[in-house]
Amino acid sequence: QVQLVESGGGLVQSGGSLRLSCAASGSIFSINAMGWYRQAPGKERELVATITRGGSTILANFVKGRFTISRDNAKNMVYLQMNSLKPEDTAVYYCTAAPVITTATIRDYWGQGTQVTVSS
């Protein structure tokens, strides 16, 4: 059984910073891409950033220059450093790992989400 657990969300003022972390646990052989999505109230879930095992990254245009994604392959962790936060960044942020290869399965996993609230 693989689990993704996010941490680091919270309330911050506009212009502030937060660092999200996501830890994947279980009988994991390897993980290809890890990343972050977000969903604001009344809106669809959208891609924020992804990073491959080799370190290639994709960042949504609305976070370029403000957010940085990184990972630690040995620890099966992914991080999202968020700077210059804006009220419109308020959302639940979800960690994803796709695919996760175990001895029994190859499938995608999602975390439960962590709330990020940016006050103006």
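In this predicted model, S21 has a relative accessibility of 13% and therefore counts as buried, the cut-off for that class being under 20%. The residue belongs to strand 3, and, once neighbours within four places in sequence are set aside, its contacts are V5, E6, S7, W36, M77, V78 and Y79. Strand 3 itself spans residues 18-25 and is among the strands that each supply at least two residues to the largest nonpolar core. Within the same strand, C22 stands opposite V78 of strand 8, and the pairing of strand 3 with strand 8 is antiparallel and extends over 6 bridges.

These two strands form part of an open sheet of 4 strands, arranged in the order 1-3-8-7 with antiparallel pairing. Strand 1 (3-7) and strand 7 occupy the edges of this sheet, and because each has a single partner strand, one side of each remains without a neighbour in the sheet. Averaged over neighbouring strands and with direction ignored, the turn of one strand against the next is 15°. In general, the strands of a sheet are paired through backbone hydrogen bonds, in either the parallel or the antiparallel sense.

The largest nonpolar core comprises 31 residues, and those with the most contacts inside it are W36, V48, F67, V78, L80, M82 and Y93. At least two residues of this core come from each of strand 3 (18-25), strand 4 (28-39), strand 5 (46-51), strand 7 (67-72), strand 8 (77-82), strand 9 (91-102) and strand 11 (114-119). The greatest contribution is that of strand 9, which gives 5 residues. For F67, when residues up to four places away in sequence are not counted, the contacts are R38, V48, L59, L80, Q81, M82, N83, L85, D89 and Y93.

With regard to aromatic rings and charges, the count of aromatic pairs comes to 1. In addition, the charged end of R19 is placed over the ring of Y79, at 4.2 Å from the ring centre, and the charged end of R45 is placed over the ring of Y94, where the distance to the centre is 3.8 Å.

Strand 9 takes part in several pairings. With strand 4, which runs antiparallel to strand 9, the connection is made by 10 bridges, and I28 stands opposite T102 of strand 9. The pairing of strand 9 with strand 11 is likewise described as antiparallel and covers 3 bridges, V92 being placed opposite Q115 in strand 11. Strand 10 (residues 106-110) pairs with strand 9 in the antiparallel sense over 4 bridges, with Y109 of strand 10 as the bridge partner of A97; strand 9 and strand 10 together form a hairpin in which 3 residues lie between the two strands.

Several features of the backbone geometry were also examined. As a general background, most residues other than glycine have a negative phi, and most peptide bonds are trans. The peptide bond from A98 to P99, by contrast, is cis, with omega near -15°, and P99 is placed in strand 9. N76, a residue other than glycine, has a positive phi near 55° and lies in the loop between strand 7 and strand 8; with a relative accessibility of 16%, N76 counts as buried. A positive phi, of about 50°, is also found for S84, which is not a glycine. S84 is located in the loop between strand 8 and strand 9, and, because its relative accessible area is 41%, this residue is classed as partly exposed.

S84 is also one of the contacts of G16, which, leaving aside neighbours within four places in sequence, touches M82, N83, S84 and L85. G16 lies in the loop between strand 2 (10-13) and strand 3, and its relative accessibility of 18% places it among the buried residues. Although G16 and N83 are 67 residues apart along the chain, their C-alpha atoms are separated by 6.2 Å.

Terms used. Residues numbered from 1 in each chain as written. Predicted model: local features only at pLDDT ≥ 70, side-chain atom pairs only at ≥ 80, totals over all residues. Heavy atoms only, no water. Core = buried A, V, L, I, M, F, W, Y, C linked by side-chain atoms within 4.5 Å. Buried < 20%, exposed > 50% of the residue type's maximum accessible area, 1.4 Å probe, protein only. Contact = heavy atoms within 4.5 Å. Phe/Tyr/Trp six-rings, centres within 6.5 Å; stacked < 30°, edge-to-face > 60°. Lys NZ or Arg CZ within 6 Å of the ring centre and 35° of its normal. Pairing = 2+ DSSP bridges. Axes fitted to C-alpha atoms, helices over the stretch in contact; angles between N-to-C directions.
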